[in-house]
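Colleague: I am new to this structure. Please take me through one part of it closely, the place where two helices meet, and then show me what lies around it.

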Amino acid sequence: MLKHKGFNKEFNVKMIKDYHDHHKYIFALVDRIKSYQNIHGSTKKLLLSFHGIPKSYFDKGDPYQCYCQKTSRLIKEKYTDIELRTTFQSRFGPREWLKPY
């Protein structure tokens, strides 16, 4: 339970640790892709671009890259009509970042 100042009500809070492979999340992403393509036309390839992190984070055990790859794979399993490519963006500084970018 969570109480907020100025309110006389308590709020139930549910924490979600990971959602990268949750079936409702994957469904929502695939549905959004299909809806967009119904309006704007389809394409043969789709680029899924995730925010990047330094490779050293991954080397130290951060699962983020694995989560991104799994999300991409699950989208592809549900939407087989298109070729998907997974990339990472927003690198800066001298350190090596996740690839491909």
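Modeller: What follows starts at one helix pair and works outward from there.

A word of caution comes first. This is a predicted model.

Start with helix H1, residues 23-40, and helix H3, residues 64-78. Their axes come within 10 Å. They cross at roughly 60°. Angles of 65 to 115 degrees would count as roughly perpendicular, and those under 35 as roughly parallel. H1 and H3 are therefore oblique to each other. The crossing of the two helices is right-handed.

Which residues make the contact between H1 and H3? From H1 come Tyr25, Ile26, Leu29, Val30, Ile33 and Lys34. From H3 come Thr71, Leu74, Ile75 and Lys78. By type, the residues of this contact divide into seven nonpolar, one polar and two charged.

Take isoleucine 33 next. This residue is found in helix H1. Is isoleucine 33 buried or exposed? Its relative accessibility is 14%, and under 20% means buried, so isoleucine 33 counts as buried. Leaving aside residues up to four places away in sequence, isoleucine 33 touches Leu46, Ile75 and Tyr79. Ile75 is one of the H3 residues in the helix contact. Tyrosine 79 is 46 residues from isoleucine 33 along the chain. Yet the C-alpha atoms of these two are separated by 9.1 Å.

Now look at lysine 78. It lies in helix H3. Lysine 78 has a relative accessible area of 60%, and the cut-off for exposed is over 50%, so this residue is exposed. It still has partners in H1. Lysine 78 touches Ile26, Val30 and Lys34, again not counting residues up to four places away in sequence. Those three partners are listed on the H1 side of the helix contact. Lysine 78 can also be set against phenylalanine 88. The two are 10 residues apart in sequence. In space they are 22 Å apart, C-alpha to C-alpha.

Charged pairs come next. How many salt bridges does a search of the whole structure find? It finds five. Three are worth a visit here.

One pairs aspartate 21 with lysine 70. Their closest N and O atoms are 3.0 Å apart. Aspartate 21 lies in the loop between strand E2 (10-11) and H1, and lysine 70 lies in helix H3, so the pair ties together parts that are 49 residues apart in sequence. Aspartate 21 is partly exposed, with a relative accessible area of 32%. Lysine 70 counts as partly exposed too, at 29% relative accessibility.

Another salt bridge joins arginine 73 and glutamate 77. Here the closest N and O atoms are 2.7 Å apart. Both residues lie in helix H3. They are four residues apart, about one turn of the helix. Arginine 73 counts as partly exposed, at 42% relative accessibility. Glutamate 77 is partly exposed as well, with a relative accessible area of 49%.

A further salt bridge links aspartate 59 and lysine 55. The closest N and O atoms of this pair are 3.0 Å apart. Both belong to helix H2, residues 55-59. Being four residues apart there, they are separated by about one helical turn. Lysine 55 is partly exposed, with a relative accessible area of 29%.

Last, move on to strand E4, residues 83-89. Threonine 87 lies in this strand. Threonine 87 is buried, with a relative accessible area of 15%. Which residues does threonine 87 touch, not counting residues up to four places away in sequence? They are Leu47, Leu48, Ser49, Phe50 and Pro100.

Proline 100 deserves its own stop. It is found in the segment after strand E4. A cis peptide bond joins lysine 99 and proline 100. Omega at that bond is about 0°.

Serine 90 is placed in the segment after E4 as well. Its phi is near 70°, a positive value in a residue other than glycine. Serine 90 counts as partly exposed, at 34% relative accessibility.

To return to the start: H1 and H3 cross at roughly 60°. Isoleucine 33 is buried, whereas lysine 78 is exposed. Both residues belong to the contact between these two helices.

Terms used
Residues are numbered from 1 along each chain as its sequence is written. This is a predicted model: local features need pLDDT of at least 70, side-chain atom pairs count only at pLDDT 80 or more; totals for chains, interfaces and linings use all residues. Side-chain values use heavy atoms; hydrogens and water are left out. Axes are lines fitted to C-alpha atoms, for helices over the stretch in contact, and angles run from 0 to 180 degrees between N-to-C directions. Angles under 35 degrees count as roughly parallel, over 145 as roughly antiparallel, 65 to 115 as roughly perpendicular and the rest as oblique. A crossing is left-handed if the near helix is turned anticlockwise from the far one by less than a right angle, and right-handed if clockwise. Contact means heavy atoms within 4.5 Å. Ala, Val, Leu, Ile, Met, Phe, Trp, Tyr, Cys and Pro count as nonpolar, Asp, Glu, Lys and Arg as charged, and the others, Gly among them, as polar. Buried means under 20% relative accessible area, exposed over 50%, partly exposed in between (1.4 Å probe, protein chains only). A salt bridge is a side-chain nitrogen of Lys or Arg within 4 Å of a carboxyl oxygen of Asp or Glu.
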